[in-house]
Amino acid sequence: MAASCCGVKKQKLNNSMPAVCCNGSAIHPNHYKNGYTVSCVDMCNFCFDVLHSHLYNYDPPKTPSFTNEAYPLFVTWKIGSSRRLRGCIGTFTATNLHGGLREYAVTSAMKDSRFSPITKEEFNKLHCSVSILTNFEEARDYLDWEVGKHGIRIEFLNEKGHKKTATYLPEVAIEQGWDAVQTIDSLLRKGGLRGPINNEVRRNIKLTRYRSEKITISYNDYLGHRQNGHA
């Protein structure tokens, strides 16, 4: 089932710190970075290819050369120098990467209900991120995770007793300048909780933590890739 990864815009919570941008480290020649073993630059290039083909009604790109193993994944599109969010959708179901990235490159760009579909005119201003999710662990409690290291998915019961879920990828709390409690409270609101939030509500959360291998490239990076004969 598809899920969105973060809020519509940078949110402010009480006593929140200034937002911090998480840029990632340099990419190594083998197209992996940060010691990653799955996520690679070619996945982002492929997502750009897929979206370009969709926007211009071209034939879909050929099968990529990176692994087709199955992992949970998210595709995120941001735009402009401010990297404003334009779409972020993925799945917690382990999905073969070739088909999964084909699907979510378009779904996140065109069907994120928080935004209008991405247009041709926006294409050359985009940044694409692919997040491959790994190392899922059930946490002991709502604080058994580390800001900036773990993504979190919570399950809870709303005021009507209905089970709700919501997730944030690892970078969200850092980008928003939130501590662990602020992140949990924001996630409860994102998941639809309308009532007051207190320690009892937080303690009743079921929290799963996970890691993410995230790669980000800009349109200019993608263009350089194509101009170097990889189109």
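Modeller: A residue counts as buried under 20% relative accessible area, as exposed over 50% and as partly exposed in between (1.4 Å probe, protein chains only). This is a predicted model, in which local features need pLDDT of at least 70 and side-chain atom pairs pLDDT 80 or more, while totals for chains, interfaces and linings use all residues. Residues are numbered from 1 along each chain as its sequence is written, and side-chain values use heavy atoms, without hydrogens and water.

Biologist: How many residues of helix H4 are buried?

Modeller: Helices (H or I, at least four residues) and strands (E, at least two) are DSSP runs numbered from the N terminus. Helix H4 comprises 11 residues, 180-190, and its buried positions include Ile 184, Asp 185, Leu 187 and Leu 188. H4 is largely enclosed by the rest of the structure, because the number of its buried residues is 8.

Biologist: Which elements are included in what covers the buried residues of H4?

Modeller: The cover is defined by contact, meaning heavy atoms within 4.5 Å. Among the buried residues of H4 that need such cover are Ala 180, Gln 182, Thr 183 and Ser 186. Their cover includes strand E5 (151-157), strand E6 (163-168), helix H3 (170-176), helix H5 (199-203) and strand E7.

Biologist: Which residue takes a positive phi just after H4?

Modeller: H4 covers residues 180-190. Just after this helix, a phi of about 110° is taken by Gly 192.

Biologist: How many residues of helix H2 are buried?

Modeller: Buried positions in H2 include Leu 97, Leu 101, Tyr 104 and Val 106. Polar residues are on that list as well, among them His 98, Thr 107 and Ser 108. H2 has 14 residues and is largely enclosed by the rest of the structure, because its buried residues number 10.

Biologist: How far apart in space are Tyr 104 and Leu 73, C-alpha to C-alpha?

Modeller: Tyr 104 lies in helix H2 and counts as buried at 6% relative accessibility. Not counting residues up to four places away in sequence, Tyr 104 touches Ala 2, Leu 73, Val 75, Ile 89, Gly 90 and Thr 91. Leu 73 is 31 residues from Tyr 104 in sequence, and their C-alpha separation is 8.6 Å.

Biologist: Which helix gives the most to the largest nonpolar core?

Modeller: A nonpolar core is a set of buried Ala, Val, Leu, Ile, Met, Phe, Trp, Tyr and Cys residues joined through side-chain atoms within 4.5 Å. The largest has 35 residues, of which Met 43, Phe 48, Trp 77 and Leu 101 touch the most other members. Two or more residues each come from helix H1 (41-56), strand E2 (70-79), helix H2 (97-110), strand E4 (126-138), strand E7 and helix H6. With 9 residues, the greatest contributor is H1.

Biologist: How many residues form the second, separate core?

Modeller: This core includes Tyr 142, Leu 193, Ile 205 and Leu 207. Its number of residues is 18.

Biologist: Which residues form one aromatic cluster?

Modeller: Phe 48 touches Trp 77, Phe 123, Tyr 219 and Tyr 222, among other residues beyond four places away in sequence. Tyr 219 is buried at 17% relative accessibility, and Tyr 222 is buried at 2%. The members of the cluster are Phe 48, Trp 77, Phe 123, Tyr 219 and Tyr 222.

Biologist: Is the aromatic pair of Tyr 56 and Tyr 58 stacked or edge-to-face?

Modeller: Rings of Phe, Tyr and Trp (its six-membered ring) pair if their centres lie within 6.5 Å; planes under 30 degrees apart are stacked, over 60 edge-to-face and the rest tilted. The whole structure holds 14 aromatic pairs. In the pair of Tyr 56 and Tyr 58, the centres are 5.8 Å apart and the planes meet at 25°, so the pair is stacked.

Biologist: What is the angle between the planes of Tyr 219 and Tyr 222?

Modeller: These two residues are separated by about one helical turn, because they stand 3 residues apart in helix H6 (residues 219-230). Their rings form a tilted pair with centres 6.3 Å apart, and the angle between the planes is 55°.

Biologist: By what distance are the C-alpha atoms of Glu 213 and Thr 134 separated?

Modeller: Glu 213 lies in strand E7 (residues 206-218) and is buried, with a relative accessible area of 10%. Its contacts beyond four places in sequence include Tyr 36, Val 38, Val 130 and Ile 132. Thr 134 is 79 residues from Glu 213 along the chain, and their C-alpha atoms are separated by 7.7 Å.
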